[in-house]
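Trainee: Could you take me through one part of this protein in close detail, namely the enclosed empty space inside the model, and then set that part against the rest of the fold?

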Amino acid sequence: MQINDFIESRDIADYWETIGYKPSPIECAYLVWQSHLQPVDKKIAAWEEILQNFTDCALLPSDSPMRSSFPKKYADSLHAFLRAYIAMHKQILAEFYRSGDDAAYYDSDGNLDFGPYHTASECIGCALQWISPPHCTRAAASKSWFGKEKNITLSIREDEAVMEINAVGLTESEEKLWDVFSDMHFDFPVPFRKGDIVASKYSPYAWDEGNEVPFVLHRIAGTQDGDPHADLDNLFCMGAYGYFADGYGGAQYDQIENYLALEYYRGELTTTRQILQTYSDYEKGKIDKAALSEIERSIKDGKNRLE
């Protein structure tokens with residue numbers, strides 16, 4: 001299985017190769033799920049490969065707090081869970097493309113919905129017109145059922161490959177299966193250290209293809225021993241925390257999702273992003289807080305004089 005195909009960060013992939021790190025079966029399943037790089041059909045194929053090539057194991061550890069509300073037959077078996085999870089993907093996709101339902105299709109440019117359309121193909125054809133690389137490489141197509149709180153939205157690439165599925169109106173048991181990966185936390189090894197200037201396609205708000213946001217790393221959720229936030233991180237977060245340039249010569253502390261997408265920032269720190277080097281020096285202990293404040297004030301004063 002080519003698990004590197006599902007790792008967004010080349011720096012992390014190279015680091016794992018260097019240290020000889022091999023993800024466990026459940027970690028492989030998670031890596032497949034979290035990747036924005038591969039379409040749903042390739043994810044399904046990868047999960048099926050896990051079923052074929054890995055010995056079964058528990059999906060959730062015995063001390064996982066998720067076990068209190070998750071079906072035991074799936075908690076105890078990665079294989080049982082993946083079979084059900086794959087079946088759900090195939091069922092939802094079939095429902096989206098199925099004709100004859102009491103439903104209508106709509107496409108979106110991110111702000112407004114357009115339609116209704118009578119068929120999935122008609123909707124997707126119109127939706128793809130909104131794609132404008134490099135920053136907008138995916139279109140949204142939705143199917144909504146009349147008189148029901150039921151909706152399926154697909155994120156679709158230019159070649160019509162489905163990249164993401166969002167389903168509204170699932171039963172309670174279906175939702176527990178569908179959302180299980182989003183509630184998991186893993187302490188994967190990473191090459192990054194406190195004070196490194198890194199970048200991610202995840203801004204503090206959303207994933208943005210082609211727009212890497214640089215920031216100074218403060219910590220990665222759950223990966224630092226003794227971190228007072230570790231318990232919360234292990235329950236809810238695969239994020240990273242650090243200092244982002246605020247556009248006014250200073251920096252603000254914020255969080256990004258999915259630390260597995262981090263890479264070293266290799267661009268120039270121009271204009272207001274110059275402050276990131278100062279915060280990097282501070283986080284690495286090269287300067288004290290007083291020096292940090294003085295340099296930040298100087299950068300802000302210089303920016304104000306230019307304006």
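Mentor: A cavity here is a set of points on a 1 Å grid over the protein atoms alone where a 1.4 Å probe fits but cannot get out. Rolling a probe the size of a water molecule over the atoms shows where empty space is left. Please keep in mind throughout that this is a predicted model.

With that meaning in place, a search of the whole structure turns up one cavity of 30 Å³ or more, and the volume of the largest cavity comes to about 30 Å³. Its lining is made up of A199, S200, K201, E212, A261 and E263. Sorted by class, the lining of the largest cavity contains two nonpolar residues, one polar residue and three charged residues. One lining residue, E263, falls within the range of strand β10 (263-264). The loop between β9 (251-256) and β10 contains N258, whose phi is near 60°, a positive value in a residue other than glycine. N258 counts as buried because its relative accessibility is 9%, and the cut-off for that word is under 20%.

To set this part against the whole, the protein has ten helices and ten strands, and its C-alpha trace spans about 65 × 50 × 35 Å along the principal axes. Of its 307 residues, 46% count as buried. Among the contacts in the protein with a separation of 6 or more, 59% are between residues 24 or more positions apart.

The nonpolar interior can be described next. The largest nonpolar core has 76 residues, of which W47, F81, F181 and M184 touch the most other members. To this core helix α5 (residues 78-97) gives the most, with ten residues. Not counting residues up to four places away in sequence, W47 touches A29, V32, W33, L82, Y85, I86, H89 and F181. There is also a second, separate core of nine residues, which includes Y243, A251, L276 and L292.

Two strand residues add detail elsewhere in the fold. S142 lies in strand β3 (residues 138-145) and counts as buried because its relative accessibility is 15%. Its side chain makes a polar contact with the side chain of T153, at 2.8 Å. Once neighbours within four places in sequence are left aside, S142 is in contact with F96, A104, Y105, Y106, C123, N151, I152 and T153. A167, found in strand β5 (residues 162-168), likewise counts as buried, because its relative accessibility is 15%. Leaving aside neighbours within four places in sequence, A167 is in contact with I92 and N151, so that N151 appears in the contact lists of S142 and of A167. A167 and N151 are 16 residues apart in sequence, while their C-alpha atoms are 5.9 Å apart in space.

Two points of backbone geometry remain. The peptide bond from G115 to P116 is cis, with omega near 0°, and P116 has its place in strand β2 (residues 113-117). E160, in the loop between β4 (151-157) and β5, has a phi near 70°, a positive value in a residue other than glycine. E160 counts as partly exposed because its relative accessibility is 47%, whereas N258, back in the loop between β9 and β10, counts as buried at 9%.

How values were computed:
Residues numbered from 1 in each chain as written. Predicted model: local features only at pLDDT ≥ 70, side-chain atom pairs only at ≥ 80, totals over all residues. Heavy atoms only, no water. 1 Å grid on protein atoms, 1.4 Å probe; cavity = no way out; pocket = protein on both sides within 12 Å on 5 of 7 lines; lining within 4 Å. Points joined across faces, edges and corners; volume = space filled by probe spheres on them. Nonpolar A, V, L, I, M, F, W, Y, C, P; charged D, E, K, R; others polar. Core = buried A, V, L, I, M, F, W, Y, C linked by side-chain atoms within 4.5 Å. Buried < 20%, exposed > 50% of the residue type's maximum accessible area, 1.4 Å probe, protein only. Helix = DSSP H or I, 4+ residues; strand = E, 2+ residues; numbered from the N terminus. Contact = heavy atoms within 4.5 Å. Polar contact = N/O pair within 3.5 Å; in protein donor to acceptor, adjacent residues only side chain to side chain.
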